[in-house]
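Here's a quick walk through one protein chain, starting at a small backbone detail and working outward. Have the viewer open and follow along.

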Amino acid sequence: MTTLMTVLGIVVFAVGLLISIAWHELGHLSTAKLFGIRVPQYMVGFGPTIFSRKKGETEYGIKAVPLGGYIRMIGMFPPGEDGKIVARSSSPWRGMIEDARSAAFEELQPGDETRLFYTRKPWKRVIVMFAGPFMNLILAVALFLGVLMGFGINSQTTTVSTVSDCVISQSAASKGKATCAAADPASPAKKAGLKAGDRITAFNGRPVDNWSILQADIRQTTGPADITVLRGGQSVQLHADLIKNQVAKTDGHGGYVDGQYVTAGFLGFTPAQGIVKQSFGESVNRMGDMVTTATKSLVDLPQRIPGLWRAAFEGAPRQPDSPMGVVGAARVGGDVFSLNIPPEQRIATMLMLVAGFNLSLFLFNMLPLLPLDGGHIAGALWEALKRNLARAFRRPDPGPFDVAKMMPVAYVVAGLFLSFTVLVLIADVVNPVKIT
């Protein structure tokens, strides 16, 4: 059964991946057609074509390797300075430029002269190229909100897990002092009669059902406090006398920052974990943290390469936050479906995995580098800047920015990305990231 669930998880993730890619390319396709650009092909995947059907002027299809997708737009690059679409050169760098220019006009037909991508105004080209990553962002936000607000996530609750017998600073506890000495005073929670299993419903007369709010209230309080708990179906009123103590710094969501401490009000209990649905505001805050973390991870990618190399070829442990490719994410998807957790939480975790993949697609594609969408966006914005400056200073129109001249750089970037992808693939196969 475990093997079956693992395979099912991999299949479900693969379907989610294909939908994400198709959704991305749909953004490019719909806006290109909106602005009258001819699109001969819309393909999900690379390699040999498994299925295709032509509808109108566009061929829609699925290819064998589900590692990406593309649409073909006529006239991605302007003609050369001589006005010709194809002109050969013996220079390998120049050849790259001319090959790219030639491919952009490969399926040129009579009447396409007014339907070329490069002839559209820069703002329209920006919209066409941004639409793909934006679709991934929309899908990521929808999935994140759906999971956080609809399913909930594993979080600390207002239910008591354990009660501290005495007052010990968390910095001391982190250094190994886990037992109480005779001289240590009893914790305020112990004195007040708080018990494991109690669910705190109000603090100082204010109803609470959120751990982050309760935690903040406790830390802001010293001295007498009224605590209402639900115990065995009955509401019980307790009275505590909170003291100041050294406690771990929080991250704003009820979690803790490792190794950092503050002095604050102290009651003395550990909250229980549970699946908690998030409010819209809480969900937005969590998504903001996810975007920040994902952006930082993207910036830190070069620093992760040595660790990936050691994990792939030297048997070093694979870090939990190590970059993963499609294969690694699919394996995690299989692990998710084989976990001993309720089915709805398996679904929620899988949706979070697909949402994270879409967020990564958005951020990665927005890098201002060719051949990524962000590279084409940067080219269009540069053209708009040059033309506006020329207009302001009453100079001749400089014409469209020739993105084709950047193709040698694009090939170098693509080569680096490919090398990184292969490294991640090897690490995902021989030393995958595992979840518990």
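Start with G36: coming just after helix 1, this glycine takes a positive phi of about 75°. Keep in mind that the model is predicted.

Now step back into helix 1 itself. At 1.5 Å a residue, its 33 residues should span 48 Å, and the end C-alpha atoms are indeed 48 Å apart, so the helix agrees with expectation. Helix 12 tells a similar story: this run of 24 residues, 407–430, reaches 34 Å from its first C-alpha to its last, close to the 34 Å expected.

What do the database annotations add? The unreviewed UniProt entry gives "transmembrane region" for residues 7–24, 126–151, 347–367 and 409–430. Two of those spans can be set against the model's geometry:

| Span | End-to-end C-alpha distance | Helix | Strand |
|---|---|---|---|
| Residues 347–367 | 31 Å | 90% | 0% |
| Residues 409–430 | 32 Å | 100% | 0% |

Next, the side chains. Which residues make the nonpolar surface patch of about 330 Å²? The patch is built from V7, V11, V15 and I19. Take V11 as an example: it sits in helix 1, which runs over residues 2–34. Is V11 buried or partly exposed? With a relative accessibility of 44%, V11 falls between the 20% and 50% cut-offs, so it counts as partly exposed.

For a contrasting case, look at N358, found in helix 10 (residues 343–365). N358 has a relative accessibility of 0%, and because buried means under 20%, that is how it counts. What does N358 touch, leaving aside its neighbours within four places in sequence? Its contacts are S20, N136, L139 and A140. As for the record, S20 lies in its annotated span 7–24, while N136, L139 and A140 lie in 126–151 and N358 in 347–367.

Helix 12 has its own buried set. Towards its start, M407, P408, A410 and V413 are buried, and further along so are L423, V424, A427 and D428.

Finally, the whole chain. There are 12 helices and 9 strands, and 41% of the 436 residues count as buried. The chain exposes about 23000 Å², with carbon and sulfur atoms supplying 62% of that area. Among contacts with a separation of 6 or more, 67% come from residues 24 or more positions apart.

Key. Residues numbered from 1 in each chain as written. Predicted model: local features only at pLDDT ≥ 70, side-chain atom pairs only at ≥ 80, totals over all residues. Heavy atoms only, no water. UniProt positions renumbered as here; feature names shortened; annotations may be inferred. Helix = DSSP H or I, 4+ residues; strand = E, 2+ residues; numbered from the N terminus. Patch = residues over 30% accessible without salt bridge, like charges linked within 9 Å, V, L, I, M, F, W, Y side chains within 5 Å. Areas by Shrake-Rupley, 256 points an atom, 1.4 Å probe, with all protein chains shown as cover. Salt bridge = Lys/Arg side-chain N within 4 Å of Asp/Glu carboxyl O. Buried < 20%, exposed > 50% of the residue type's maximum accessible area, 1.4 Å probe, protein only. Contact = heavy atoms within 4.5 Å. Expected span 1.5 Å × (residues − 1).
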